[in-house]
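Visitor: I am new to this structure and would enjoy a close look at a single part of it. Could you pick a spot and walk me through its surroundings?

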Amino acid sequence: MRQIVVRRDKQTLCNNNRIKYLSFGVFCVVFLCLHACTPSVNKPLQEAERLIKTKPDSAFHILNDMQEDEARMNDVEKALFGYLYLRIRDGKGPKDSVDINRIDFSIDYYRKHTDKQRLAGCYLDKARIFKDKAA
């Protein structure tokens, strides 16, 4: 009779280990799926953002080269591109050539995703555009 109890305990231990391994496996799969679905910003945009204050001309060239790729960008990238492009265009070229739709997209995106610093920058840049057009 004692052997039967011991076997049940071993079987229970085996089942508990299986559940632990299965739970760990499910956790890993869910983690990898969530990580893969997280939007990221492409490298040239990150580089342009890093250079915008120290080497604005380099950032300007990076962003100009990226204009052709704008249609293939995800929402995170479009919002950042619009924000950086307008910021870098400030003082370069005629103000009437600035695309207001870009900054409006960035404003909408940052309002929905609560990035207050970039949202404030977008509003400031948009106000500068309207001020320059009125002058």
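Guide: Happily! Let us begin at Phe 105, which sits in helix H5. Please keep in mind that this is a predicted model.

Is Phe 105 buried, partly exposed or exposed? Its relative accessibility is 32%, and because buried means under 20% and exposed means over 50%, Phe 105 counts as partly exposed.

Now look at what surrounds this residue. Setting aside residues up to four places away in sequence, Phe 105 touches Asp 75, Lys 78 and Ala 79. Another residue to find is Gly 82: 23 residues separate Gly 82 from Phe 105 in sequence, while their C-alpha atoms are 7.5 Å apart in space.

Asp 75, Lys 78, Ala 79 and Gly 82 are among the residues through which H4 meets H5, so let us widen the view to that pair of helices. Helix H4 covers residues 75–89 and helix H5 covers residues 100–112. Their axes come within 8 Å and cross at roughly 125°. How do the two helices lie relative to each other? An angle of over 145 degrees would count as roughly antiparallel, and 65 to 115 as roughly perpendicular; H4 and H5 are therefore oblique to each other. Their crossing is left-handed.

Which residues make this meeting? On the H4 side they are Asp 75, Val 76, Lys 78, Ala 79, Leu 80, Phe 81, Gly 82, Tyr 83, Tyr 85 and Leu 86. On the H5 side, Phe 105 is joined by Arg 102, Ile 103, Ser 106, Tyr 109 and Tyr 110. Sorted by class, the contact has 11 nonpolar, two polar and three charged residues.

Some of these residues also lead us to a neighbour outside the two helices. Glu 70 is found in the loop between H3 and H4. Leaving aside residues within four places in sequence, Glu 70 is in contact with Lys 78, Phe 81 and Arg 102. Its relative accessible area is 18%, and because buried means under 20%, Glu 70 counts as buried.

The loop that holds Glu 70 also points us back to H3, which packs with H2. Helix H2 spans residues 43–51 and helix H3 spans residues 56–66. They pack at an angle of about 155°, with axes 8 Å apart. Since an angle over 145 degrees counts as roughly antiparallel, that is how H2 and H3 are arranged. H2 passes H3 in a left-handed crossing. From H2, the contact uses Pro 44, Leu 45, Glu 47, Ala 48 and Leu 51, and from H3 it uses Pro 56, Ser 58, Ala 59, Ile 62, Leu 63 and Met 66. These residues divide into nine nonpolar, one polar and one charged.

Pro 44 is a good place to pause here. This residue of helix H2 touches Ile 62 and Met 66, not counting residues up to four places away in sequence. Pro 44 and Met 66 are 22 residues apart in sequence, and 8.1 Å apart from C-alpha to C-alpha. With a relative accessibility of 37%, Pro 44 counts as partly exposed.

Finally, let us step back to the whole protein. Its secondary structure comes to six helices and zero strands. Of its 135 residues, 28% count as buried. The accessible surface comes to about 10,100 Å², with 58% of it belonging to carbon and sulfur atoms.

Definitions and conventions: Residues numbered from 1 in each chain as written. Predicted model: local features only at pLDDT ≥ 70, side-chain atom pairs only at ≥ 80, totals over all residues. Heavy atoms only, no water. Axes fitted to C-alpha atoms, helices over the stretch in contact; angles between N-to-C directions. Helix = DSSP H or I, 4+ residues; strand = E, 2+ residues; numbered from the N terminus. Parallel < 35°, antiparallel > 145°, perpendicular 65-115°, else oblique. Left-handed = near helix turned anticlockwise from the far one by under 90°. Contact = heavy atoms within 4.5 Å. Nonpolar A, V, L, I, M, F, W, Y, C, P; charged D, E, K, R; others polar. Buried < 20%, exposed > 50% of the residue type's maximum accessible area, 1.4 Å probe, protein only. Areas by Shrake-Rupley, 256 points an atom, 1.4 Å probe, with all protein chains shown as cover.
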